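Open the model in your viewer and keep the selection panel at hand. The stops below go from the whole chain to single side-chain pairs.

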Amino acid sequence: MNRLKSVSTIKSVDGVLTWEHLEADHVTEYIVTLSNGENSYTYTTAQTSIDFGKVKDDLGNELVVGKYSVTIKAVGADFVSSLPLTSGNSFTKLGTVSGIKVIGNNIEWEAVENAQGYELTFEWTQDEEIKTETKLVEGVCRCTLLEGLTGVFKITIRAVGVGDGTVFNGEISTYQSS
């Protein structure tokens, strides 16, 4: 009987968990379980990656905000591994920005727990052409509006995490001027 080796590295890039494929020829898919102590989400894939943001529970609910442990089991034609191939890796899903308001020449919002910064995308029409610009604001919940931003415009904001791959960005919130 072949002994399965462990997945050695789980990492994430832009909200996608990836791991190395096990060399055993008989591994056909992986069962990935994300758990935060209260909720557990299971996803089965033949790939060596899953989009953390698209994992849903049995009722179709998206992951709630919080810290998750990851467990991966291998599945083959004749077996399901009895022990997780890896565990102890944890990832955090950030919350959604709320309380967005424009005050004078600034846009402000409420802080999101564990966020390292915020990604803002400005969209406006200038000379009948749609323009966009993205800014990264670190640590604060306030940003000066772009110079010359007048009329109708839209700003999207999402909380972003550290670059080490253990924090997944929050959902996008939108402010629309009137």
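Contact, as used on this tour, means heavy atoms within 4.5 Å. The model is predicted.

**Whole chain.** Colour by secondary structure: the protein chain has 15 strands and zero helices. Of its 178 residues, 35% count as buried. The exposed surface of the chain is about 10,600 Å², with carbon and sulfur atoms supplying 44% of it. Among contacts with a separation of 6 or more, 52% are between residues 24 or more positions apart.

**Strand β3 and its partners.** Select residues 27-35, which form β3, together with residues 66-76, which form β6; the two strands run antiparallel and are joined by eight bridges. To find the register, pick Thr33, whose bridge partner in β6 is Thr71. Next add β4, residues 40-45, also antiparallel to β3 and joined to it by six bridges. Here Leu34 stands opposite Tyr41. Four residues lie between β3 and β4 in this hairpin, and Gly37 takes a positive phi near 95 degrees.

**The cores.** Which residues touch the most other members of the largest nonpolar core? Show Ile107, Trp109, Tyr118, Leu120, Phe122, Ile155 and Ile157, out of 20 residues in that core. Two or more of its residues come from each of β10 (117-126) and β13 (153-160). Now centre on Leu120 and hide its neighbours within four places in sequence: what remains in contact is Ile107, Trp109, Glu133, Thr134, Lys135, Val137, Cys143, Ile155, Thr156 and Ile157. A second, separate core has 18 residues, including Val32, Val55, Leu63 and Ala74.

**Salt bridges.** The structure holds four salt bridges; three are visited here.

Select Glu171 and Lys93, whose side chains meet at 3.7 Å, N to O. This pair links distant parts of the chain, 78 residues apart: Glu171 is in the loop between β14 (167-168) and β15 (173-176), and Lys93 is in β7 (residues 86-93). Is each end buried or partly exposed? Glu171 is partly exposed at 35% relative accessibility, whereas Lys93 is buried, at 6%.

Move to Glu108 and Arg142, with their closest N and O atoms 3.6 Å apart. Glu108 sits in β9 (residues 106-108) and Arg142 in β12 (residues 142-144), 34 residues apart. Arg142 is partly exposed, with a relative accessible area of 44%.

Finish at Lys131 and Glu129, a salt bridge of 3.9 Å, N to O. Lys131 is partly exposed at 27% relative accessible area, and Glu129 is partly exposed at 45%.

Methods
Residues are numbered from 1 along each chain as its sequence is written. This is a predicted model: local features need pLDDT of at least 70, side-chain atom pairs count only at pLDDT 80 or more; totals for chains, interfaces and linings use all residues. Side-chain values use heavy atoms; hydrogens and water are left out. Buried means under 20% relative accessible area, exposed over 50%, partly exposed in between (1.4 Å probe, protein chains only). Accessible areas come from the Shrake-Rupley method with a 1.4 Å probe; for residues, only the protein chains shown count as cover. Two strands pair if DSSP finds at least two bridges between them. A nonpolar core is a set of buried Ala, Val, Leu, Ile, Met, Phe, Trp, Tyr and Cys residues joined through side-chain atoms within 4.5 Å.
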